[in-house]
Every structure is written in structure tokens, then in C-alpha cells.
Amino acid sequence: MKKLVKRFLTAVLILNFCLTFNVSALSGLELKVENEFISFAENSEKVAEIFKSDAKEITEYCKTEGIEYLAVNEKNTKQIRITSKQNEFTSSVINISGLSNDKISALLPELLGDSNIKGEIIEKNGQKFIRTDMMSTDSGGKYRITEYITVADKESIVLSFYTAENENDSYIEACFKSFSADGFKNTKIEEKLSVWQYALPIIIAVFVAVILVIGITVIIDLKRKDNQQEETENE
């Protein structure tokens, strides 16, 4: 458990925007991981066994630290987790994608909690993230910490990867590509919605026009039948 706690504490320090955080639940979370990973939500006992800990203890720790997702491989050489928290800073920013890259760069020391940590600003479907990479060491040896940090829907959301020094880290990029949550800016969806905003009124107008034509045709046919009936009765 010491190994896990140390890794968690390292990430918590990186995310230390303010002295106090309010934990909040992340909604609409989506993440696709490779088959080698076992998620705590699906098999808590197995994950606890890998961590040599207790499932209840891990559950409480995740609740306290705002950990929404936790997964690990059999050898405990790769870990994935997602953290979601809220404070005054995130509430004021709302969504970091609304800030310019220059503004985000100026805020990096505050966002990362350490001016020595360097972050790269990247964008995925319109949502901006700060990617950080660093090496660390604990009783289990050296490992790499890769973080994707963003602010969306007034929450700080962090996707974290812990990879042992000699392990393949190609899973990180594939996993990040599938990462999404409610509140993320998504230009692909917005483009589709924009098309519908223009197309829907046209579709409705055509539908109404068809209904009117059908209605007028029915009325004309009824009147024609009435006139034919009157002519027949008069004869």
C-alpha cells in the first residue's frame, strides 16, 4: 500500500491549486483501457490483492481524494486513475478551454503547484489539457508519471498514468484519445449540432408545407364530392 499511497500523494501535490478542495463526482465519464488492466469498480477484491491492501481502505481513500476511476495491471507496473475536485479557482475558470494558451501558460505554476514542473498545452476536440511528464522513485523502483490536467464544468479533472521505468507506455496515448466527460468541449458534437440548427427549421418547414398541401388537397376533394352529390340529387 505504501507504493500506492506515495504515487497518490505525488499527484495530489501536483493538483494542489488551493489549500482546500471540495470533492465532487464526475459525470458522463468515458475511458477505454486495454484488457491487461483491472478496474477497482469491476473487481475491487482483485485490485486490493494486487495493492496488498484492503478494499474498504482503498474505497475510503478514493472517496477522500476524489478518485473517480482506478485501474492497475497484474504486476502493478502500470496504473490509471482519474481524479475530480472543485475549488474557488476551478469554479471561477469554469472551463480552461475558454482561456488562451498564453493565459494558461501564465497560470501553469499555480495550476501545477510547482514552478519546476513543465507542462505542455494540448487540445483534443476543442478541450484543452495540460500534459506533464516526470520521473519518480519509491520502494518499488523508478516510474514515470504522465498527467492530463484540465478544468471543465467548474472541476479540475486529471487523468493520471503511472508506468514502471522499463514498461511500454504506448497505452497512454490510446487511452487518452478515448477520455471524455460531461462538460468537456467537443467541437465534433458542436459541428453536428450546428448543422442540425440550420437543417431542422428547413425540415420542419418542408414538413409543414407537405401537411398543408395534403390538407388543401383533401378539402378540395371533399368539396368536389359534395358538389357532385348535390348535382346528383338535383337531377
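What share of the contacts in the protein chain with a separation of 6 or more comes from residues 24 or more positions apart?

**Figure 1. The whole chain, as a predicted model.** The answer to the opening question is 62%. The protein chain holds seven helices and eight strands. Of its 235 residues, 40% count as buried. The accessible surface comes to about 13900 Å². Carbon and sulfur atoms make up 54% of that surface.

**Figure 2. Strand E8 is covered on both faces.** E8 spans residues 155–164, and 10 of its 10 residues are buried. In a regular strand the side chains alternate between the two faces of the sheet. One side of E8 carries Glu155, Ile157, Leu159, Phe161 and Thr163. The other side carries Ser156, Val158, Ser160, Tyr162 and Ala164.

**Figure 3. E8 pairs with strands E4 and E7.** Strand E4 covers residues 78–86 and runs antiparallel to E8, with eight bridges. Here lysine 78 stands opposite threonine 163 of E8. Strand E7, residues 141–152, also pairs with E8 in the antiparallel sense, over 10 bridges. E7 and E8 form a hairpin with two residues between the strands. In this hairpin, aspartate 153 takes a positive phi near 55 degrees.

**Figure 4. Glutamate 147 is a buried charge without a salt bridge.** This residue lies in strand E7. Its bridge partner in E8 is serine 160. The two side chains also make a polar contact, at 2.4 Å. Which side chain of opposite charge is nearest to glutamate 147? It is arginine 81, 5.1 Å away. A salt bridge needs a nitrogen within 4 Å of a carboxyl oxygen, so this pair does not count as one.

**Figure 5. Arginine 131 has two salt-bridge partners shown here, aspartate 133 and glutamate 173.** Side chains of opposite charge can pair when their charged atoms come close. The closest N and O atoms of arginine 131 and aspartate 133 are 2.9 Å apart. Arginine 131 is buried, at 17% relative accessibility. Aspartate 133 is partly exposed, at 36%. Glutamate 173 meets arginine 131 at 3.8 Å, N to O. Glutamate 173 sits in helix H6 and arginine 131 in strand E6, so the pair ties together parts 42 residues apart in sequence. Glutamate 173 is partly exposed, with a relative accessible area of 38%.

**Figure 6. Aspartate 133 also meets arginine 144 in a salt bridge.** The N to O distance is 2.8 Å. This pair links strand E6 to strand E7, 11 residues apart. Arginine 144 is partly exposed, at 22% relative accessible area. Shared partners join Arg131, Asp133, Arg144, Asp169 and Glu173 into one network of salt bridges. The salt-bridge count comes to eight.

Definitions and conventions: Residues are numbered from 1 along each chain as its sequence is written. This is a predicted model: local features need pLDDT of at least 70, side-chain atom pairs count only at pLDDT 80 or more; totals for chains, interfaces and linings use all residues. Side-chain values use heavy atoms; hydrogens and water are left out. Buried means under 20% relative accessible area, exposed over 50%, partly exposed in between (1.4 Å probe, protein chains only). Helices (H or I, at least four residues) and strands (E, at least two) are DSSP runs, numbered from the N terminus. Two strands pair if DSSP finds at least two bridges between them. Contact means heavy atoms within 4.5 Å. Accessible areas come from the Shrake-Rupley method with a 1.4 Å probe; for residues, only the protein chains shown count as cover. Lys and Arg count as positive and Asp and Glu as negative; His and the chain ends are not counted. A polar contact is a pair of N or O atoms within 3.5 Å; within protein, one must be able to donate a hydrogen and the other to accept it, and residues adjacent in sequence count only if both atoms are side-chain atoms.
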